[in-house]
Each structure stands twice: as C-alpha cells, then as structure tokens.
Amino acid sequence: MLTKLFLPLFLLTLSFSSCPPRQSVANSSVSENEPEALSPKHPKNIIFMVGDGMGIAQITAGLYANDNHLELERCPISGFHKSYSNNYLTTDSAAGATAFACGKKTYNGAIGVGPDKQPIPTILEQAEQHGLATGLVVTSTIAHATPAAFIAHVESRKQYEDIATFFPQSGIDLFIGGGSNHFNHRKDHRNLIQELKENGYVIKNIQNESIDVAEMNPLHPFGFFTGKKDPKTYRQGRRYLPTASQRAVEFLDKRSDEGFFMMIEGSQIDWGGHANDGKYIIEEMLDFDKAIGKVLDWAEKDGETLVVITADHETGGFAILPSSKMNKLKTKFVTDYHTPVLIPVFAFGPGAEQFSGIYENTAIYDKMVNSFGW
Ligand code: MG
Ligand code: ZN
C-alpha cells in the first residue's frame, strides 16, 4: 500500500525540523494497551468543510429555495461557535480560518500567524507530520484567505504571491482551486508551477467537472487549477465542487494508510453576501450542499471519517422576509460586510458528539486535534 514515504525526503526533513518529532499515529493509537484507542471516537480521517459567510439565514434560504431539503440535514449533531476575532467582534475570513487551522484567535487579515505575527503550526501541517495525506478544495483562488490559513504563515491575507510560495514545500497531497497567476505570473518571476513539478506534483488546469480520476495516480501529489484568477460563479457555469470533493476524498484515502485531513470550502456564499445578492447566496449554498452530500455518502460507507461543516462568519446580515413562501423567498440585507452572529456547526461520524453546544471558533481546532488523538 502507499504511504507518504513517496514524498521527497527533504519534505519530511523540513516538516520534522520545524517542530519536535511526534509519536506516529500508528504507535499512539493502535497500542494493545489502549483498546479504546481503536474505538470509533478516534476517526482515521477528518473532512472539514467551510461555507464561507454561511450563517443560519444562508442555510435556511438554501433549504427553503430547494423544496425543504438539504444534504446538511443528514448530520446528527449540531452546535454553535463564537466567531469573533482577536481585534474585532466581527471577524474576517483570514482570522476565522486561522482560528480553525491553528486554534488561536488572531487579528483580522492574519494568515496562520498569531496576534504577535509569529507563525503557528496548522492542523494541515500537523497532519503532514503524522504521515496523513492532506488536501484543499475551494471555489476561490487557492491562495485566498480560507485555504491560505491552513498552509501559509503571512502577516496579511493580501500577500497572495507570498502565500503561493508555501505550496511547493508544504507536502500537501492535493489542491484544487483558482489563482494560477499567483504561481506563474509573479513580481519575483519565480515559476512556482515549475517548482511544484520539480517536487513531484502533477499540475493540471481543469474546467467544470472534468477531473479525470483515471489520471489521478496516487503515486503523485496533484494540483488542479480551476482558473488563472477567481473561479467562475455557479451562475457562470462553475460545476466542479461536488465532483472535485468526491474525487479528492477517494484520492486522499488511497494516498496514505495513516488517514487524511482535508478542507473543502464553498468560498462564494460569502461573495453573494457581499454583493447583497440573495440568488447568488442560494446558488452557491446549494452547490456547497451537493458537495456535502458527496462527502457524507463517502463518509457513511467508510465509517472512520469525521465530517465537520461550519462557516467562518455570517455575511450580509441576511434575512428572509415574512412574505416569503416555500421555493419563493424574499430576502434583505443590513450590510455588505460580515456580522458577528453565532455560527452553526454540523458534525457526522466518529467523534461528532464533541461538536454539540456553544464554544469558541478555536475549539473546533481543539476538537479535531483531540479526535485524531494527537
Ligand atoms: Mg473564504
Ligand atoms: Zn467576506
């Protein structure tokens, strides 16, 4: 079977030198003295799904615009997180994603660094150190705040070209998203796509759903670019998220025997909120929900996978008006920015019970790390 030992040796050296070596997952969780470690409370895999800007009203709008059905309803456990950041009650996506990725509240705009601007190891980097396969699948650019906070450490989310430099040395097994220009049309003239290839990556450009699973040989790490800049909106014809999510899970499952960690983002629910466009929100919400359905189908069969679904914050102060009817919604906004309301969290699979209740956004990191038994 395949293991992460197929990675170039220097990647392993790099990741182990940045942090004290840890006991391998195999040694810590499959000990004869700790039979409970084999219980389903410790999932082998975690799939963390973020609907950017997806508050209760966004979910409700998707539900009632879709004839009272969401795949999300299959999650047996739900809770709420407090999304505020280190310096504002209303967070941005960078501080929000850093809270999930690093377990630390930081300032708005921060990517994988604390209030002191020092790097904090991310759950994706920790997964790499434990020999797990890792992945990011998004409908924004891959250097955008939410995915960036899992892989990069920079002072500002606007440093897209700096964020991109973290990919070739990250050890990430699969990434799918837009923004290839940040990799090969750069001020410093580096060609990061070439550097990725030199590090063993197979890099492809894809449109829509055309991810050729037969080409996804798990001997290689993969990167799929879905646009030079931002990927299209659903309305413009973007359709890859559900298929890409499913293919990514299948690929990562084959890529390491130790398990995998991946983050999937429905990035543009937020953009519908910023645009004060209720239809945009609903289209992106339902696309994200289809991806949720694919992931839950796989996790249900697998039985060893924890799926956690949440948002970083709400966007728009989105409201559904009393004159609305099923499948005919009337909506309104109070802002074109984010709001600080409590954010729902949904969980499915082994370890899901931990996600009921009300807790800080940083506790989601703690609960995921606890689930892995690290
Ligand atoms: Mg985002
Ligand atoms: Zn936003």
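**Surface patch, metal site and side-chain contacts in a predicted model**

L342 lies in the loop between β12 (338-339) and β13 (343-348). Helices (H or I, at least four residues) and strands (E, at least two) are DSSP runs, numbered from the N terminus. The model is predicted: local features need pLDDT of at least 70, side-chain atom pairs count only at pLDDT 80 or more, and totals for chains, interfaces and linings use all residues. Residues are numbered from 1 along each chain as its sequence is written, chains are lettered from A and ligands numbered from 1 in the order in which they are written, and side-chain values use heavy atoms, without hydrogens or water.

L342 is partly exposed, at 39% relative accessibility. Here buried means under 20% relative accessible area, exposed over 50%, and partly exposed in between (1.4 Å probe, protein chains only). L342 joins I56, F80 and I358 in a nonpolar surface patch. Together the four residues have about 350 Å² of accessible area. Patches are made of residues with over 30% relative accessible area and no salt bridge; like charges are joined within 9 Å, and nonpolar side chains (Val, Leu, Ile, Met, Phe, Trp, Tyr) within 5 Å. Accessible areas come from the Shrake-Rupley method with a 1.4 Å probe, and for residues only the protein chains shown count as cover.

The magnesium ion (ligand 1) has the protein donors D52 (OD), T146 (OG1) and E265 (OE). They lie 2.0 to 2.2 Å from the ion. Donors are N, O and S atoms within 2.8 Å of the metal (3.2 Å for Na, K and Ca); water is not among the atoms, so sites may look incomplete. The donor residues follow the spacing D-x93-T-x118-E in sequence. D52 sits in the loop between β1 (45-51) and α3 (56-65), and E265 in strand β7 (residues 260-266), so this pair ties together parts 213 residues apart in sequence. Both D52 and E265 are buried.

Aromatic contacts were examined next. Rings of Phe, Tyr and Trp (its six-membered ring) pair if their centres lie within 6.5 Å; planes under 30 degrees apart count as stacked, over 60 as edge-to-face and the rest as tilted. The count comes to 14 aromatic pairs. For F48 and F150, the ring centres are 6.2 Å apart and the planes stand at 50°, so the pair is tilted. The pair links distant parts of the chain. F48 lies in strand β1 and F150 in helix α6 (residues 145-151), 102 residues apart. F48 is buried at 0% relative accessibility. F150 is likewise buried, at 0%. F150 also pairs with F261, and this pair is stacked: 6.2 Å centre to centre, with 25° between the planes. F150 is in α6 and F261 in β7, so the contact ties together parts 111 residues apart in sequence. F261 is buried, with a relative accessible area of 0%. Elsewhere, F167, F175, F183, Y201 and F225 form one aromatic cluster.

The count of salt bridges is 15. A salt bridge is a side-chain nitrogen of Lys or Arg within 4 Å of a carboxyl oxygen of Asp or Glu. D297 and R74 form one, with the closest N and O atoms 2.9 Å apart. This pair links distant parts of the chain: D297 is in helix α12 (residues 278-302), and R74 is in the loop between α3 and β2 (77-82), 223 residues apart. D297 is partly exposed at 37%. R74 is partly exposed at 26%.

D173 bridges to R255, with the closest N and O atoms 2.6 Å apart. D173 lies in the loop between α7 (160-164) and β4 (174-178), and R255 in helix α10 (residues 240-255), 82 residues apart. D173 and R255 are buried. E284 and R238 meet in a salt bridge at 2.7 Å, N to O. E284 lies in α12 and R238 in the loop between β6 (222-225) and α10, so the pair ties together parts 46 residues apart in sequence. Both E284 and R238 are buried. Salt bridges that share partners join E71, R74, D297 and E300 into one network.

Helix α13 (residues 362-372) has 9 of its 11 residues buried, so it is largely enclosed by the rest of the structure. Among the buried residues are Y365, K367 and F372. Just after α13, G373 takes a positive phi of about 75°.
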